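Reader: I have a new structure to look at and no idea how to read it. Could you walk me through a couple of features?

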Amino acid sequence: MDTKLKGILLAAFGGSMWGLSGVVAQVLFNRYSASTEWLVSTRLLSAGILILIYSRMVKKDNIFAIIRNSKDLIQLVLFSVFGMVGVQYLFFKTIEVSSASVATILQFTAPLFVYFYMLLRGEKHLKVQELFLVFTTFFGVLLIVTNGNFTQMTVSPIGFLLGIGSAIAVVFYTLQPRNLLTKYGPPMIVGWGMLIGGILFQFIHPFWQPGFKMTGQSYLLLAVIVLFGTAFSFISYLASLNYIEASLASIMTALEPLLAAVFSVFVFKKIFGLYEIMGIIIVLVSVLILSNLGNHKSLKQVAVKEIERDSIR
């Protein structure tokens with residue numbers, strides 16, 4: 001197989017599985033009345049263990065090295081609590097109170113907030129072209145949440161706020177651990193971030209108390225979220241960077257919100273209005289262009305350009 005094609009397929013698989021995991025989580029919420037707190041608790045703990053095993057067994061990382069450095073350990077805990085937990089919890093809570101498609105597309109706007117942060121920090125200068133893309137993205141989001149009727153929202157206000165909150169949390173998730181990622185590599189940092197967050201979440205909702213009757217199907221749904229939607233997708237995306245450029249790999253991640261919308265049509269029989277479809281297309285195109293303009297680094301590209309790896313999810 002051609003190496004470029006292999007890289008594209010690996011990146012596409014990662015993006016697809018991220019999109020699928022959100023839809024599967026919605027099935028778990030709707031059919032079994034599972035809580036976000038239990039799902040995040042279980043997902044973080046399980047995926048953290050799996051990714052650390054990958055980091056140790058495949059990457060041959062010394063996964064305990066960061067624990068011996070108190071300064072780095074403090075930064076890791078901050079990343080885990082305010083970055084990893086913030087992104088995961090707000091994203092899945094948005095799915096619970098709204099839908100997977102809305103949660104995914106709202107979180108996909110995270111590069112806008114990275115962009116604003118860089119403007120405030122003086123790392124970027126305001127450009128007309130980029131400002132236009134920012135406005136078109138917000139207009140696309142407005143179409144999605146109102147379906148063209150600007151007098152009322154088709155998405156609940158709490159769902160909208162949680163979704164935007166998850167996008168803002170991605171800014172901290174992306175930018176705060178840059179030094180740690182450079183020093184230790186994404187698998188170790190993401191693995192520990194998930195594991196620490198998962199352990200802390202046991203005090204909120206222990207994984208052994210789901211709050212509903214577990215069945216064979218619910219175990220299967222959970223396995224899809226943990227294995228395919230978290231561990232395998234993360235590893236697949238990282239592997240793709242060995243064969244293709246980061247910019248191409250980041251484009252493949254646009255499959256996440258796109259497939260979340262498509263899966264929602266088939267799984268939940270959701271019917272998107274014309275303006276909602278237009279909004280989704282506008283957001284996808286605007287964010288992807290903004291992410292690749294000039295010196296701007298999107299939520300995917302920040303990590304790739306600065307540490308030659310990607311740590312998202």
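Reader: Let's start with the pocket. What volume does the largest pocket have?

Author: About 160 Å³. This is a predicted model, where local features need pLDDT of at least 70, side-chain atom pairs count only at pLDDT 80 or more, and totals for chains, interfaces and linings use all residues. Residues are numbered from 1 along each chain as its sequence is written, and side-chain values use heavy atoms, with hydrogens and water left out.

Reader: And how is a pocket found?

Author: On a 1 Å grid over the protein atoms alone, a pocket is an open set of points where a 1.4 Å probe fits, with protein on both sides within 12 Å along at least five of seven lines. The volume is the space filled by probe spheres set on the points.

Reader: Which elements give two or more residues to the lining of the largest pocket?

Author: Lining residues have an atom within 4 Å of a point. Here they include K71, D72, L175 and K183. The elements you're after are α3 and α8, and α8 gives the most, with four residues. Helices like these are DSSP runs (H or I, at least four residues), numbered from the N terminus.

Reader: How many salt bridges are there in the whole structure?

Author: The general idea is that side chains of opposite charge can pair when their charged atoms come close. The cut-off is a side-chain nitrogen of Lys or Arg within 4 Å of a carboxyl oxygen of Asp or Glu. The search finds three. Take D72 and K183, two of the pocket-lining residues: their side chains meet in a salt bridge at 2.9 Å, N to O. D72 lies in helix α3 and K183 in helix α8 (residues 178-184), so this pair ties together parts 111 residues apart in sequence.

Reader: Is D72 buried or exposed?

Author: Buried means under 20% relative accessible area, exposed over 50%, and partly exposed in between, using a 1.4 Å probe and protein chains only. D72 has 10%, so it counts as buried.

Reader: Which residue forms a salt bridge with E37?

Author: That's K93, with the closest N and O atoms 3.5 Å apart. E37 sits in helix α2 (residues 36-57) and K93 in helix α3 (residues 70-97), 56 residues apart. Both E37 and K93 are buried.

Reader: What about K93 and E96?

Author: They form a salt bridge too, at 3.3 Å between the closest N and O atoms. Both lie in helix α3, three residues apart, about one turn of the helix. Shared partners join E37, K93 and E96 into one network of salt bridges.
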